[in-house]
Amino acid sequence: MADQLTDTPAESTSSDSEADRVTGAAILRVVDLEVHFGAVRAVNGVSFEVQTGTAVGLIGPNGAGKSTALKAVGGETRPTSGRVIFDGIDLAGRPSHVAARAGMIRTFQLGGEFARLTVMENLLVSVPRQRGKSIWGALGGRRWWGAEDAAEIRRAREILSRLELREKENDYASDLSGGQRKLVEIGRALMARPKMLLLDEPMAGVNRSLARHIEHALSALRNDGLTLLLVEHELGSVERLCDRVLVMAGGRQIASGHMGQLRSRQEVLDAYLGGR
Ligand SMILES: Nc1ncnc2c1ncn2[C@@H]1O[C@H](COP(=O)(O)OP(=O)(O)OP(=O)(O)O)[C@@H](O)[C@H]1O
Ligand SMILES: [Mg+2]
């Protein structure tokens, strides 16, 4: 991990609009977030803001509390205390479907049942169906799909094109590489028209070229105004993609700033070297 920190800095994707993005209105405000599991203070008083249309990275050593913080923000894990104000609504302690309805969507690993569906089907079943149709019924009874479904198929194709997965539309998810599955997970989240995406290690276990592909897809989405909060260990990608980075260690936020600045900060190096 320390090696990654001292890697040659990656080329920057910062642009003239970066200052605007960083100083714009906050879509997410997290205040004094605490998540305790018995005696374990997995998240121990974390506060941060995410400006609309920016990408914020959450980094730190294993066990730092990154995933727990992300889950508490997205409503999967109930915070012990603190506030999670998203787009003006306090979501702390509310279930994830409330966050999703407000426009904050977390990507999920494709479960076993999704491997047996095609890429297109995976995107279509991620959309809540109207008129009480079950998702499986809708897939089974394809010939009854109406205008609503045709619009969703068009939308799914647009998303797949953006992710450069359009030619995989009819492939089974089980035949995809790990990296392509990660892209399908992102595609499924995009079907919900999110304002903000939460991603936990979107590049983990993916080969370098697909990791770049995922990074570019996320960068393009961010440039189109989507707000991103991502946990990631691949610090080169974090540096290129993220407008700002928060460093966690031992449940606390120990530093924040641009990745380039953080690489030389002693407390960050110490955290990665196991000094905490
Ligand atoms: N459901 C749980 N019950 C009890 N303890 C938990 C639970 N989830 C996480 N923890 C503990 O909380 C701490 C933070 O875990 P978390 O998974 O958030 O770390 P992380 O920063 O995401 O680490 P990694 O980089 O390895 O994914 C760890 O000590 C972990 O064992
Ligand atoms: Mg984690």
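The exercises below, each with a worked solution, concern a predicted model of a protein with a bound ligand.

**Exercise 1. Describe the surroundings of ligand 1 and find its polar contacts through side chains.**

Step 1. List the shell. Ligand 1 is surrounded by Phe37, Ala42, Pro61, Asn62, Gly63, Ala64, Gly65, Lys66, Ser67, Thr68, Glu201 and His233.

Step 2. Sort these residues by character. The shell holds 4 nonpolar, 6 polar and 2 charged residues.

Step 3. Assign the shell to elements. Helix 3, residues 66-74, gives the largest share, with 3 residues.

Step 4. Look for N or O pairs within 3.5 Å. The side chain of Lys66 places an N or O atom 2.7 Å from an oxygen atom of ligand 1. For Asn62, a polar side-chain atom is found 2.9 Å from a ligand oxygen. His233 likewise has a side-chain N or O atom at 2.9 Å from an oxygen atom of ligand 1.

Step 5. Estimate the cover. On its own, ligand 1 has 630 Å² of accessible area, and the protein covers 57% of this.

**Exercise 2. Work out the strand order of the sheet of 6 strands and identify its edges.**

Step 1. Write down the order. The strands follow one another as 6-7-8-3-9-10 in an open sheet, and the pairing is mixed.

Step 2. Read off the ends. Strand 6 (104-106) and strand 10 (252-257) each have a single partner strand, so one side of each lacks a neighbour in the sheet.

Step 3. Add the twist. From one strand to the next it averages 20 degrees.

Step 4. Examine one pair in detail. Strand 9, residues 244-249, is antiparallel to strand 10, with 5 bridges between the two. Within strand 10, Ser256 is the residue opposite Leu246.

**Exercise 3. Do the same for the sheet of 4 strands.**

Step 1. Write down the order. This open sheet runs 2-1-4-5 with antiparallel pairing.

Step 2. Find the edges. They are strand 2 and strand 5 (89-90); each has a single partner strand, so one side of each is left without a neighbour in the sheet.

Step 3. Follow strand 1 (residues 26-37) to strand 2 (residues 40-51). The two are antiparallel and joined by 9 bridges. Opposite Val30 stands Phe48 of strand 2, and Leu33 has Val46 as its bridge partner in that strand.

Step 4. Inspect the turn. The hairpin of strand 1 and strand 2 has 2 residues between the strands, and Gly38 adopts a positive phi near 60 degrees.

Step 5. Follow strand 1 to strand 4 (residues 81-86). Here 5 bridges join the antiparallel strands.

Step 6. Take Arg29 as a marker. Arg29 stands opposite Glu49 in strand 2 and opposite Ile85 in strand 4.

**Exercise 4. Which strands does helix 3 lie across?**

Step 1. Start with the sheet of 6 strands. Helix 3 lies across strand 3 (55-59), strand 6, strand 7 (196-200), strand 8 (227-231) and strand 9. Its angle to strand 7 is about 150 degrees.

Step 2. Turn to the sheet of 4 strands. Helix 3 also lies across strand 1, strand 2 and strand 4, at about 120 degrees to strand 1.

Step 3. Combine this with Exercise 1. Helix 3 lies across strands of the order 6-7-8-3-9-10 and of the order 2-1-4-5, and helix 3 also supplies 3 residues to the shell around ligand 1.

Key
Residues are numbered from 1 along each chain as its sequence is written. Chains are lettered from A and ligands numbered from 1 in the order in which they are written. This is a predicted model: local features need pLDDT of at least 70, side-chain atom pairs count only at pLDDT 80 or more; totals for chains, interfaces and linings use all residues. Side-chain values use heavy atoms; hydrogens and water are left out. A residue is near a molecule or strand if one of its heavy atoms lies within 4 Å of it. A polar contact is a pair of N or O atoms within 3.5 Å; within protein, one must be able to donate a hydrogen and the other to accept it, and residues adjacent in sequence count only if both atoms are side-chain atoms. Accessible areas come from the Shrake-Rupley method with a 1.4 Å probe; for residues, only the protein chains shown count as cover. Ala, Val, Leu, Ile, Met, Phe, Trp, Tyr, Cys and Pro count as nonpolar, Asp, Glu, Lys and Arg as charged, and the others, Gly among them, as polar. Two strands pair if DSSP finds at least two bridges between them. Axes are lines fitted to C-alpha atoms, for helices over the stretch in contact, and angles run from 0 to 180 degrees between N-to-C directions. Contact means heavy atoms within 4.5 Å.
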